[in-house]
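This report introduces a protein structure to a reader who has not met it before. It begins with the surface and the overall form, and then turns to charged side chains.

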Amino acid sequence: MTESKHPHIVIATRESRLALWQAEHVKSLLEAMGCSVQLLGMTTQGDQILDRSLSKVGGKGLFVKELEVALHEGRADIAVHSLKDVPMDMPEGFELACVMEREDPRDAWVSSQYARLEDLPQGAVVGTSSLRRTVLLRALRPDLKIEPLRGNLDTRLRKLDEGQYAGIVLAAAGLKRLEMSERIRHIFETDQMLPAAGQGALGIEIRSDRADLRALLAPLADAPSWRRVAAERAVSRAMGGSCSMPLAAHAVIEGGVLQLRAAWGDPEGAATLVRADAQASADGLHAAEALGLSVAQALRDGGAH
């Protein structure tokens with residue numbers, strides 16, 4: 001980063017349409033602050049391996065590793081991530097400098113034929129590669145056939161349109177950001193499909209030694225979103241969180257109180273879920289993370305592992 005009043009920032013980003021939207025969004029905000037900004041588009045391992053579920057090939061870190069290498073080597077200053085894809089433990093030397101205001105964290109039902117999940121005939125095929133969505137769908141409709149669905153947003157929608165699935169479940173945030181809300185037939189309320197930790201939130205990653213960037217990015221942070229996400233990610237971290245963990249965690253803030261709910265399911269076992277919830281004062285990140293730890297312990301006490 002230069003010493004001038006208006007620094008030059010290079011953003012490392014994946015090259016999917018949604019990732020580029022997210023990077024362009026941050027670029028426009030930084031330019032409004034007087035920075036000059038360019039994007040460094042990269043293809044990650046997670047984008048390349050499409051024939052196996054993430055839980056079998058190394059987890060969500062496959063979407064961020066190349067971006068972190070670019071930060072480490074100084075080819076980029078910041079990386080913009082969908083927080084749902086960021087591993088719960090950051091590698092040494094890296095940190096989240098900022099969590100931005102959250103978009104809708106809920107899951108969306110997308111189907112050409114069926115308005116809602118309840119309308120599906122017995123044995124219908126539903127697409128998702130998320131273990132969380134798999135166990136939640138199975139708890140709602142144990143008669144359905146849940147099949148893997150990998151690829152970026154456009155690839156998933158194309159597979160649906162080709163008739164490979166009766167319906168698919170996607171994050172509402174991605175569809176809204178790409179102005180594809182018309183594809184959404186139904187948005188699941190959180191008591192039906194509890195979201196993933198961090199879903200709908202954008203995080204900006206930096207090298208830990210870049211105090212200049214930490215200060216520069218501070219105005220982009222949204223404190224309530226960060227506290228909610230911190231509580232959710234703490235549950236997942238305490239449970240050994242990765243995409244091989246069939247875990248949901250979702251927090252809201254109401255009247256100064258942080259309310260956190262979580263659910264865990266066994267992908268190979270019964271269709272029942274282990275659930276836990278708790279609340280605490282929404283004072284700061286430490287309180288949020290402590291709340292997450294207590295909910296994780298309650299899940300374990302209930303039989304989650």
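The accessible surface of the protein comes to about 13,200 Å², and carbon and sulfur atoms account for 49% of that area. The model described here is predicted.

**Overall form**

The protein contains 10 helices and 13 strands. Its radius of gyration is 19 Å, which agrees with the value near 19 Å that a compact globule of 305 residues would have. Along the principal axes, the C-alpha trace spans about 65 × 45 × 35 Å. Of the 305 residues, 52% are buried. Contacts between residues at least 6 apart in sequence were also examined: 69% of them join residues at least 24 apart.

**Charged side chains**

The protein carries 36 positive and 41 negative side chains. The centres of these two sets lie 3 Å apart. Side chains of opposite charge can pair when their charged atoms come close. In this structure there are 19 salt bridges, and the table lists some of them.

| Salt bridge | Closest N to O distance |
|---|---|
| E95 and R214 | 2.8 Å |
| E189 and R106 | 3.0 Å |
| R207 and D209 | 3.1 Å |

Which parts of the chain does the pair of E95 and R214 tie together? E95 belongs to strand β4, residues 94-99, whereas R214 belongs to helix α8, residues 211-217, so the salt bridge ties together parts that are 119 residues apart in sequence. R214 has a relative accessible area of 32% and is therefore partly exposed.

The salt bridge between E189 and R106, with 3.0 Å from N to O, also links distant parts of the chain, 83 residues apart. E189 sits in the loop between β9 (186-187) and β10 (202-207), while R106 sits in the loop between β4 and β5 (107-110). Both partners count as partly exposed: E189 has a relative accessibility of 44%, and R106 has a relative accessible area of 21%. Salt bridges with shared partners join E189 and R106 with D104 and K176 into one network.

In the remaining pair of the table, R207 meets D209, with the closest N and O atoms 3.1 Å apart. Is D209 buried or exposed? Its relative accessible area is 55%, so D209 is exposed.

Methods. Residues numbered from 1 in each chain as written. Predicted model: local features only at pLDDT ≥ 70, side-chain atom pairs only at ≥ 80, totals over all residues. Heavy atoms only, no water. Helix = DSSP H or I, 4+ residues; strand = E, 2+ residues; numbered from the N terminus. Rg over C-alpha atoms; globule rule 2.2 N^0.38 Å. Buried < 20%, exposed > 50% of the residue type's maximum accessible area, 1.4 Å probe, protein only. Contact = heavy atoms within 4.5 Å. Areas by Shrake-Rupley, 256 points an atom, 1.4 Å probe, with all protein chains shown as cover. Lys, Arg positive; Asp, Glu negative; His and termini not counted. Charge placed at Lys NZ, Arg CZ, Asp CG, Glu CD. Salt bridge = Lys/Arg side-chain N within 4 Å of Asp/Glu carboxyl O.
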